[in-house]
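Reader: Could you walk me through this structure? I am in my first year, so please explain the terms as they come up.

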Amino acid sequence: MALYCGFSTACKKLKKLIRTIQRLLQQVIGTTAAAVLVMAALFSNTDVHADAGDWIVKYETPENDEEEALLELLQGEYGIPDMVSYLESQYRLKKPVYLQVGADEGPHYEVDNEIITIPYHYAAEIYERFDKYGDESRIDMSDMDEIALDVIFHTLLHELGHALMAQYNYPLFFEEEDVVDALSNYLLLEYTEFGAQVAVSAAEMFWVEQEDLSTYEADDFWGEHSLEIQRAYDVYCAIVGAYPDDSDHIVDSIFEGDEDKAYDCIENYERIRAAWEPLLEPVIIRD
Ligand SMILES: [Zn+2]
């Protein structure tokens with residue numbers, strides 16, 4: 001289980017240090033793996049397993065200065081290349097997934113073409129929402145780039161959830177968007193280092209997205225997704241379930257100190273774990 005720092009940003013430096021060490025280790029291990037592959041190719045007597053499900057990323061050409069800056073962020077440190085190599089190292093897909101960065105529409109997953117789309121305007125919206133409604137947020141917004149990358153990683157994991165549903169033909173007992181929300185929150189909290197920190201950023205994004213909806217229209221209630229405010233509470237509930245001993249601040253500030261709700265969150269998380277773990281056995285790449 002990953003280290004959880006709550007709302008505090010005190011562990012950001014530690015997080016960056018650990019990621020840097022991981023990156024260095026990856027480079028060393030990657031070099032070794034490459035050497036093994038070359039040896040295998042030369043001697044052809046070693047079974048080399050390659051994952052069928054690589055991520056193939058395409059970056060669309062930015063159309064203005066804002067998109068140019070967003071592309072720079074997305075391709076930079078801890079950006080899409082790091083996220084994709086991390087996801088490839090964690091989850092075994094049956095088929096390749098195409099990721100179109102800078103697509104016109106999305107973010108979403110097109111099941112027929114195995115394409116995940118992340119538009120530039122979606123990345124821009126993260127900054128706009130926090131800029132407009134950030135006063136309502138509970139997190140430190142001094143590093144908005146980090147928050148934006150957290151939100152995009154959470155989104156990628158959600159879209160990966162759709163890809164897993166399709167590729168592994170998982171049974172669907174409820175609205176897919178809600179199933180995938182629960183699955184991606186679980187993957188984030190159970191298997192991702194600092195996943196809870198990412199989850200808090202994502203929950204706060206849902207929170208500031210909600211701020212625009214001063215009045216509800218009927219189609220808000222029959223839309224594919226749960227309402228943003230529900231998705232925010234669901235993320236926080238999953239964090240309480242994953243970190244029951246370290247979540248008093250969430251129970252107090254988000255769930256108004258409601259201990260029954262905290263108990264429900266813990267029980268729900270355990271049920272999700274029990275339901276998904278056998279199904280995820282072929283998916284999770286264990287060390
Ligand atoms: Zn979705």
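Reader: Let us start with helix 6. How many of its 16 residues are buried?

Author: In helix 6, 13 of the 16 residues are buried, so the helix is mostly covered. Buried means under 20% relative accessible area, exposed means over 50%, and partly exposed lies in between, computed with a 1.4 Å probe and protein chains only. Helices are DSSP runs of H or I with at least four residues, strands are runs of E with at least two, and both are numbered from the N terminus.

Reader: Before we go on, what kind of model is this, and how are residues numbered?

Author: This is a predicted model, in which local features need pLDDT of at least 70 and side-chain atom pairs count only at pLDDT 80 or more, while totals for chains, interfaces and linings use all residues. Residues are numbered from 1 along each chain as its sequence is written, and side-chain values use heavy atoms, with hydrogens and water left out.

Reader: Back to helix 6, then. What is its reach from first C-alpha to last?

Author: Helix 6 reaches 21 Å, close to the 22 Å expected at 1.5 Å a residue. The expected span is 1.5 Å times one less than the number of residues.

Reader: And the zinc ion, which protein atoms are its donors?

Author: The donors are NE2 of His 158, NE2 of His 162 and two OE atoms of Glu 177, lying 2.1 to 2.7 Å from the zinc ion. Donors are N, O and S atoms within 2.8 Å of the metal (3.2 Å for Na, K and Ca); water is not among the atoms, so sites may look incomplete.

Reader: Why is the arrangement called irregular?

Author: The four donor atoms subtend angles of 53 to 141 degrees, which makes the arrangement irregular. Four donors count as tetrahedral if all angles lie between 85 and 135 degrees; four count as square planar and six as octahedral if opposite donors are over 155 degrees apart and all others between 65 and 115; anything else is irregular.

Reader: How are the donor residues spaced in sequence?

Author: Their spacing is H-x3-H-x14-E. His 162 in helix 5 and Glu 177 in helix 6 are 15 residues apart, and this pair links distant parts of the chain. Both His 162 and Glu 177 are buried.

Reader: Changing topic: which residues of helix 2 are buried?

Author: In helix 2 (residues 65-75), the buried residues are Glu 67, Leu 70, Leu 71, Leu 73 and Leu 74. Seen down the helix axis, they fall within an arc of 160 degrees, so they line one face of helix 2. The arc is that of the directions from the helix axis to the C-beta atoms.

Reader: What is on the face turned away from the buried side?

Author: That face of helix 2 carries the exposed residues Asp 65 and Glu 72. The buried residues of helix 2 pack against several elements, including helix 3 (80-90) and helix 4 (120-133). Here, contact means heavy atoms within 4.5 Å.

Reader: And helix 9, is it mostly covered or exposed?

Author: Helix 9 is mostly covered, with 11 of its 15 residues buried. Among them are Ile 229, Arg 231 and Tyr 236. The partners against which they pack include helix 6 (176-191) and helix 7 (195-210).

Reader: Where is Ala 196?

Author: Ala 196 is in helix 7 and is buried, with a relative accessible area of 0%. The C-alpha atoms of Ala 196 and Ala 242 are separated by 8.7 Å, although the two residues are 46 residues apart along the chain.

Reader: What about backbone angles; what is usual?

Author: Most residues other than glycine have a negative phi, and most peptide bonds are trans. Tyr 78 has a positive phi, near 65 degrees, and is found in the loop between helix 2 and helix 3. Phe 194, in the loop between helix 6 and helix 7, has a positive phi near 60 degrees. Phe 194 counts as buried at 2% relative accessibility.

Reader: Which peptide bond is cis?

Author: The bond from Gly 106 to Pro 107 is cis, with omega near 0 degrees. Pro 107 is in the loop between strand 2 and strand 3 (108-110).

Reader: Finally, how many helices and strands does the chain have?

Author: The protein chain has 11 helices and four strands. Buried residues make up 46% of its 287 residues.
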